[in-house]
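Visitor: I'd like a close look at one small part of this protein, please. Pick a spot where two strands meet, and then walk me outwards from there.

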Amino acid sequence: MITWILLVSLVCVSTQDRNGQDKGVLHHNSHNQTMINSDWRSPLVGEDDPSHRQKRHNNEVAVTPDQTVSYLPVDCASIQSITNQNSPQTVQGQKLPNSNHVFPQERWFVVGSRATFCCVVPEGQTVIDMYLVKKPAEDEYETGGGGGYARKNITRISNQIYALTVDLSWPSVNSCTDVKCKSDTKEYGTCAYIGYPPSVRDLRCETQDLQSVKCRWETQRGELLRYTNLAVYLLGSKCEGGTKRECSKSVQWDAGERNWTLTARNNFGVVEITDKADLTQRVHMFAPREVTVSSINARNVSLKWRWEVPQYSKLNITCQIHLTDGRTKNRVLQSGVGLHFVVLKGLIPHWDYTVKVRCGTAQHFYKWSDWSNGVNFRTNSDVPDALDVWMQRKDRQTEITWKRLQPNQTHGQIIDYEVTWAKTSQREPQSKTKVPHPEHSIILSLDVSEEYVVTVTARNRNGSSSPSKIAISSFSQDQTSVNIRKINGVNGGFRLSWSPSLKASCGYIVDWCPASGNCSVEWMKVHSNDTHAHITSKNFKDGHRYMMSIYACTSGAPVLLERRQGYVREKEPEGLFKNLRLKQQNTDVVISWDPIALREQSAFILGYILYCSNARGVITVRTDKPEATSLTATNLEITPYSFTVKAVTALGESSSTTIDATLNSLTDNLVGAVIISLITTFSLLSLVTFLCYRHWACIKNTVYPPIPKPVLAGTWLMSPDELQVAPYAQTELDNLDIPELHCKAALTLDGFVRQDDGPLVFSQTPKGYYNQPLKKYTPPLLIMPPTVMSSQLPPSTFKAVFPNPLYNLLAQAEEHQPDSGPEHQEDTPSLEICSEYQPQSQVETFSLNTTEEDRDSPISCVTTYIVLPHPSAE
């Protein structure tokens, strides 16, 4: 029965070969693909087509009814027949190799097909396992357990033949996939190639030289096998290097659409794709050649290039020039017939550039050509750009500052800057000074009551820049009373907004700098239509307070409108409280600290809080005044306390500073106050005593100068004993120039003493010498002649004036009796007595007729030194 089946199969195969029909090929309409059937069950395989189209015969072999599998590969069926007949057989003159045990051998299978493999083992062996070998690169595909694939579909055909049917849902990687058959004594195998037919798609044809067509395509998946015998044909002509996904072919240049067909084939199938296009609208130009730069100036250059294809000179071309300076990129479009020359304008002087060009057709633009090679060049130098100038008030001085020119603004090496200024109210010669590079500011001492115009220019070897002017208002016009508002930072900067001002004829200026320390001001200019700005700076730091000012730009001096202050990001303050002090006042305690400098405030201080803690609890004292420097806790207990001070900010409470103290009782305070008062008083008295002791002589002479006693000498002032000795002995008194008291009676006129012979003068000491002491200190008595009795004295009294050089006292005579002569008469004696001191007004003097020399000796008359003799003395 089996023999008849094999004969029928051979007849069918012969018929297919004679008809020359490929019954083993399946054609798919999608993408014009032709795929080879992979269900290999024919007894023979032939490749008799000279065009390398593979024919695969799909013949089915029936087995005996007692077998469980209906279809087997023809190799397995032939081997089974030979085994049953128990004699060697050949098929079409070919002897089956006894060395092969797994069939089919090295066949090609399309991914997604189902294949059956059979294993023939020698008699006496039993197949215990059949599987496809799993490889490391195939882990992404579905596999069976134990390193193999689809073990569960193993079927026993006979005692020596086993079959494995498997769905091939994964491709082989780099090489074929091994199929293993493992018996109880030995292992056998074969190799199967599993893959895809060509996956070409998206065919696109174009022309570059206007003489040939060039087509490109994409592949849907990579070729996993190294050797798939891929072949590509364009319009029936084979393309060399088809794996590069492009192919060219010379064609006749004409207008109109046509189909451009690409055929791709490999061992798994054939695919055809088509593109319909008019090549006159598919011109992909070559890149420009030999790009050069000429006629280089400070701000423009000429750019030229050459076309490789002469026919381009007849096309309407659009070119794109890519110009870069290392920081910015510019692209310029130029169009023209056969365009090959452009002039680049608006360049930066003394600046390096790189330029390249690409072009495309303008009428039917298809795509840009590749970029040409880049060309480097540098423009010529020029004068610098105008400076951006601003000002800043510092005390009563004005700082003029300007932004440093960027490298693309200097147009050459800057040498220096020239600053000139003059009053706007006077037409006087301008003051001028030079500022060396790289300095960019100068402080001017201007008249604060005048308005000035300041001009700044930059200079390089090509000359000076255009002048930049700024008007400086007088201090009286400076609006320093503008309120300052707080602002919070946003995204590393500040977002400002302000009310529009009619004064802003040329926009607004916003400047900013740190609020403390020496600041370097920064600024930006805002258009007059805008009333908001977002300011950022690389110099911004967290925890630093910044002052921002908004000015209106006018035709004259800028006008200050508003001010802000804030932090980009606030930070928790640390170490704020310096020199923390405690002072007890009865049961109150005052905690004070030094004022906190602005540079130490890393956040806005909203107030302060004091914690007074002891064993019984905590007392809290708060203040909302950021400028406070003390806090007072009242009614505290006489116990140990810990006083902790913190600053309150938007971030919470700052780090604390603590001071510990034990409060003193009121009695202790009183005793301490008394002791301190006593010590202070004693110290002051000691100091005064010491100073008085050191300067006692000066103090005595100033407060209570010594009063010298007048010394009167003469016979009328001597004692009787001295008077008796005087005429007979030569003593020291004889050699002294003793002053004498001369009194002469004056006529009384209208109650006053009339002086006839001159003033009464008491000469105390010799001329030029005063306070000469006498030998005896007993006041001398005035001795009158014995004939003169007290009863004989005239009843009337008198006053006389005696000039005294020390006391400046006066004696005034009230009444005076006429003088009877040069000598006293016993019957009519006359005596003038100095009765008392009188003021120096209404001074009258009298004299006694003595020697002429004695009239020049002044003396003060002191009544205590003139004693009249008692009548009993006679």
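Guide: Let's start at Val 355, whose bridge partner in β26 is Val 375. Val 355 lies in strand β25, residues 352-361, which pairs with β26 in the antiparallel sense over 4 bridges. Strands here are DSSP runs of E with at least two residues, while helices are runs of H or I with at least four, and both are numbered from the N terminus. Two strands count as paired if DSSP finds at least two bridges between them.

A word on what you are looking at: this is a predicted model, in which local features need pLDDT of at least 70 and side-chain atom pairs count only at pLDDT 80 or more, while totals for chains, interfaces and linings use all residues. Residues are numbered from 1 along each chain as its sequence is written, and side-chain values use heavy atoms, with hydrogens and water left out.

Now step back to the sheet around our bridge. It is an open sheet of 4 strands in the order β23-β22-β25-β26, with antiparallel pairing. β23 (329-337) and β26 (375-378) each have a single partner strand, so they stand at the edges with one side left without a neighbour in the sheet. On average, neighbouring strands of this sheet are turned by 30° against each other, direction ignored. For such angles, the axes are lines fitted to C-alpha atoms (for helices, over the stretch in contact), and angles run from 0 to 180 degrees between N-to-C directions.

Another open sheet has 3 strands in the order β13-β14-β17, and its pairing is antiparallel. Its edge strands, β13 (200-206) and β17 (246-250), each pair on one side only. Here the average turn between neighbouring strands is 20°, direction ignored. β13 meets β14 (residues 212-219) over 5 antiparallel bridges, and in β14 the bridge partner of Val 200 is Thr 219.

Side chains are worth a look too. The charged end of Lys 356 sits over the ring of Trp 371, 5.1 Å from its centre. Arg 258 has its charged end over the ring of Trp 260, 4.2 Å from the centre. To count, NZ of Lys or CZ of Arg must be within 6 Å of the ring centre and within 35 degrees of the ring normal.

Rings also meet rings: a search of the whole structure finds 19 aromatic pairs. One is Trp 305 with Trp 307, whose ring centres are 6.5 Å apart and whose planes stand at 85°, so the pair is edge-to-face. Rings of Phe, Tyr and Trp (its six-membered ring) pair if their centres lie within 6.5 Å, with planes under 30 degrees apart called stacked, over 60 edge-to-face and the rest tilted. Trp 305 is buried at 5% relative accessible area, and Trp 307 is buried at 12%. Buried means under 20%, exposed over 50% and partly exposed in between, using a 1.4 Å probe and protein chains only.

Trp 512 and Phe 540 form a tilted pair, 6.4 Å centre to centre with 50° between the planes. This pair links distant parts of the chain, 28 residues apart: Trp 512 is in strand β37 (508-514), and Phe 540 is in the loop between β39 (532-535) and β40 (545-552). Both residues are buried, and with Phe 494 and Tyr 546 they form one aromatic cluster.

Finally, the whole view: the protein chain has 6 helices and 51 strands, and of its 874 residues 41% count as buried.
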